Amino acid sequence: MAETAIRAGALPLRRRHFRRVARGIVAGLTAHVALPLPALGAGQGAAPYPLACAYFRRDLDAYAHCARREDGMVRVAPAHLARMRFERGLAELRVPGIGCLWVRRDGLALPVFLLDNGPDPFEQGLVRSWRDGKVAFYDRRLRLVLATPYDWAFPFNARGEALVCEGCLSDGRQPAAMVGGRWSLIDRTGYLVLPLAETDAADRRYFGRR
């Protein structure tokens, strides 16, 4: 299923708009190219960090003993936090097998959607991630703001509306798009602005098309 592929992390695919349904950025599974793994921070007596990682926009090397899973999120080793470049309190990270993440200065990291070869940007102060297999939105402190029952979502736009779908799937193409299912718009509280429907009414409103 498309949402399974997205959760696993992968290459971003550009948007395309078709006649009936909203086409979005869909991530497909991809193998992370194995790079040398310098053993930074290994053997320091701290809690084990079995996952490798790569720092975005700094270098392409992967580093061993970088991170570990923690309650649905990821915890980054202190030795690696000291090497990362933080902007507005967050740094970018890639963890093979998990995908792209935003990292706080305290080392807590959130796996998010993949966009343009990096972690999903914050739109209207929120970023897209997953919770219990469905789309969720988190703030810049990586706190859960809105959990949804939907299988896919576009970011919140300037009107405070996000395009969402129920039962949509990837069309499997390269680049891919979300097809089928029922579509609607939600506000920042999760309230449905329009009824879920198989028409393109929500798509046209979200993208400002008549």
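**Exercise 1. Decide whether R128 is buried or exposed in this predicted model, and describe its surroundings.**

*Solution.* Start with the accessibility. R128 has a relative accessibility of 2%, and the cut-off for a buried residue is under 20%. R128 therefore counts as buried.

Next, place the residue in the fold: R128 belongs to strand β11, which covers residues 127-131.

Now look for a polar partner. The side chains of R128 and D120 make a polar contact at 2.7 Å.

Finally, list what else surrounds the residue. Setting aside neighbours within four places in sequence, R128 touches V112, F113, D120, A136, F137, W152, A153, F154 and P155. D120, the polar partner from the previous step, thus turns up in this contact list too.

**Exercise 2. Find how many disulfides the model has, and work out which parts of the chain the link of C53 and C66 ties together.**

*Solution.* Recall first what we are looking for: a disulfide is a covalent bond between the sulfur atoms of two cysteines. The test applied here is a pair of cysteine sulfur atoms within 2.5 Å, and the count comes to 2 disulfides.

Take the pair C53 and C66. Their sulfur atoms are 1.7 Å apart, and the two residues form a disulfide. The angle about the S-S bond is 80°, and the link is right-handed. C53 sits in strand β3 (residues 51-55) and C66 in strand β4 (residues 62-70), so this disulfide ties together parts that are 13 residues apart in sequence.

Then check the burial of both ends. C53 has 0% relative accessibility and counts as buried; C66 is buried as well, with a relative accessible area of 0%.

Move on to the other pair. C165 and C168 form a disulfide with their sulfur atoms 1.7 Å apart. C165 is buried at 0%, and C168 counts as buried at 1% relative accessibility.

To finish, write the connectivity. Counting bonded cysteines along the chain, the pattern is 1-2, 3-4.

**Exercise 3. Trace the closed barrel strand by strand, then pick out a bridge between β5 and β8.**

*Solution.* Follow the order first: the barrel has 6 strands and runs β3-β4-β5-β8-β7-β6, with antiparallel pairing. From one strand to the next, the twist averages 45°.

Now zoom in on one step of that order. Strand β5 (residues 73-76) pairs with strand β8 (residues 108-112) in the antiparallel sense, over 2 bridges. Reading off a bridge, R75 has L108 in β8 as its partner.

The order also links back to Exercise 2: β3 and β4 are the strands that hold C53 and C66.

**Exercise 4. Describe strand β18: what is its pairing with β15, and how many of its residues are buried?**

*Solution.* Begin with the pairing. Strand β15 (residues 162-166) and β18 pair in the antiparallel sense over 5 bridges. A162, for instance, has I186 in β18 as its bridge partner.

Then turn to burial. β18 spans residues 182-186, and 4 of its 5 residues are buried, leaving the strand mostly covered.

**Exercise 5. Put these details into the overall picture of the protein: what are its secondary structure and its exposed area?**

*Solution.* Count the elements: there are 3 helices and 18 strands. Next comes burial, with buried residues making up 49% of the 210 residues.

For the surface, the protein exposes about 10600 Å², of which carbon and sulfur atoms supply 51%.

Last, consider sequence separation. Among contacts between residues at least 6 apart in sequence, 45% join residues at least 24 apart.

Notes
Residues are numbered from 1 along each chain as its sequence is written. This is a predicted model: local features need pLDDT of at least 70, side-chain atom pairs count only at pLDDT 80 or more; totals for chains, interfaces and linings use all residues. Side-chain values use heavy atoms; hydrogens and water are left out. Two strands pair if DSSP finds at least two bridges between them. Helices (H or I, at least four residues) and strands (E, at least two) are DSSP runs, numbered from the N terminus. Axes are lines fitted to C-alpha atoms, for helices over the stretch in contact, and angles run from 0 to 180 degrees between N-to-C directions. Buried means under 20% relative accessible area, exposed over 50%, partly exposed in between (1.4 Å probe, protein chains only). A polar contact is a pair of N or O atoms within 3.5 Å; within protein, one must be able to donate a hydrogen and the other to accept it, and residues adjacent in sequence count only if both atoms are side-chain atoms. Contact means heavy atoms within 4.5 Å. Accessible areas come from the Shrake-Rupley method with a 1.4 Å probe; for residues, only the protein chains shown count as cover.
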